[in-house]
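Reader: I am new to this structure and would like a close look at a single part of it, the second largest pocket. Which residues line the second largest pocket, and which elements do they come from?

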Amino acid sequence: MRDWRTDPTFAMCRALVDGADPASFAGGAFDVRAVVAGVLSGARSGLLLDAVPWGNFPHGGDAREAVHLLRTGDNSARHATDVLGGLCANDSRAAAALAVPFLIPIATDARHAHRAAALAVLSGPARARHFGVASRDELLLHRTDPRRHAPDGYDDYGVEVTGYPAGWSVAAARAAITAEAPVLLPLLNDCDPTIRIDAAYALATAADLDHTVRTALAARFATEHDATVRAALLLAVAETTRAHAHPPTVWWFRERWQDQAEAPEVRLAAAIGWLCLTDEPAPEDLHQTLDTFATDERAHALDALPWMNAAAGSGEPGLRRCIRCMLHPEEPEPWDDPWAFSL
């Protein structure tokens, strides 16, 4: 990737770091929220990539090229998704957020060769901080600071590594996913279980004030037979419920991890979801559920779920990391230094 400091938007980022009021840039050409709002309808009708001001955002050229490769079915699709995923992993989401309106039509086109790749990365910029996050306070929470409980205005998310307002990127991506939720929802019924998992992961970031998404996720859960997909649907329900509180769902999660007829993967996901949705102390039967079913083999298998994959770190599977951080926060982080040696 090129040095972000050579991008035109660096002047804006530097001004913000120096104390400029972000409001002075709101709604303009450097506000990714405004730009995404302008391209949402055009992206589905074939809006030309070059009609979008990619150059106004750090790494915008790289994001544009990634979208181009995916749209044309180029064999470099893996590289394209690595670029978009890397922007989010490196805390530089603005250009990736701008790509979302273009990724959704690819992801929802059953004939497109790269629909799975597009779907897997399109919701990355909609989560402000999630890599390596596994605590009760932070997992399944799209905000940067779990201590903040103000309504989502996205103005208090801090800044990305470039100095760009992190909340603007998150808001733009979530707005695009919310607007296109009606075309994403049918993917929950796709014949490919990976598509169903990634669709749930993306839909969990949509604004769901009328609970349409949560209802659809729960309805699919009622008919889903694949245990791993069922676990994904539960984590998606928990994430959207965390953003839009619904007390009956908390009790529903408790019933799921207590249900001995459920598959172990489902009970584990339900236990993790319940811990994130309540401040209640973990009861003994929840501890027993986790101790019984969270085997090393199953923990590694559940890293196929994007939530668990993102939570993993230092050689520790995501499920194991969640259990340690949620139930034993006093335990130190594992140290995984490949260059270390004993004296």
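Author: What follows starts with the model itself, turns to the pocket, and then takes up some other sites.

This is a predicted model, in which local features need pLDDT of at least 70 and side-chain atom pairs count only at pLDDT 80 or more, while totals for chains, interfaces and linings use all residues. Residues are numbered from 1 along each chain as its sequence is written, and side-chain values use heavy atoms, with hydrogens and water left out.

The pLDDT is the predictor's confidence in each residue, from 0 to 100. For the protein chain its mean is 88, and 90% of the residues reach 70 or more. Elements here are DSSP runs numbered from the N terminus: helices (H or I, at least four residues) and strands (E, at least two). Among the elements of the chain, the lowest mean pLDDT, 78, belongs to helix H1 (residues 10-17), and the highest, 98, to H9. Over residues 337-343 the pLDDT is below 50, and beyond near neighbours in sequence this stretch has one contact in the model (a contact means heavy atoms within 4.5 Å).

Now the pocket. The search uses a 1 Å grid over the protein atoms alone; a pocket is an open set of points with protein on both sides within 12 Å along at least five of seven lines, a cavity is a set of points where a 1.4 Å probe fits but cannot get out, and lining residues have an atom within 4 Å of a point. Grid points are joined across faces, edges and corners, and a volume is the space filled by probe spheres set on the points.

The second largest pocket holds about 530 Å³ of space. Its lining has 22 residues, and those nearest its centre are Ala120, Val121, Tyr201, Pro306 and Asn309. Two or more lining residues come from each of helix H4 (77-89), helix H6 (115-121), helix H9 (193-203) and helix H16 (306-311). H4 gives the largest share, six residues. By class, the lining has 11 nonpolar, seven polar and four charged residues, where Ala, Val, Leu, Ile, Met, Phe, Trp, Tyr, Cys and Pro count as nonpolar, Asp, Glu, Lys and Arg as charged, and the others, Gly among them, as polar.

There are enclosed spaces too: the whole structure has four cavities of 30 Å³ or more. The second largest cavity has a volume of about 50 Å³. Its lining includes Ala231, Leu235, Glu265 and Met308. Helix H11 (227-243) and helix H13 (264-277) each supply at least two of the lining residues, and H13 gives the most, four. By class, this lining has nine nonpolar, no polar and one charged residues.

Some single residues complete the picture. Pro186 lies in the loop between helix H8 (181-184) and H9. Pro186 is partly exposed at 48% relative accessibility; buried means under 20% relative accessible area, exposed over 50%, and partly exposed in between (1.4 Å probe, protein chains only). Pro186 and Thr108 are 78 residues apart in sequence and 8.7 Å apart in space, C-alpha to C-alpha.

Thr249, in helix H12 (residues 247-258), is buried, with 6% relative accessibility. Leaving out residues up to four places away in sequence, Thr249 touches Arg214, Val237 and Thr241.

With a disulfide taken as a pair of cysteine sulfur atoms within 2.5 Å, the count is zero. For Cys325 the nearest cysteine sulfur, that of Cys322, is 7.1 Å away. Cys325 is buried at 16% relative accessible area, whereas Cys191 is exposed at 74%.
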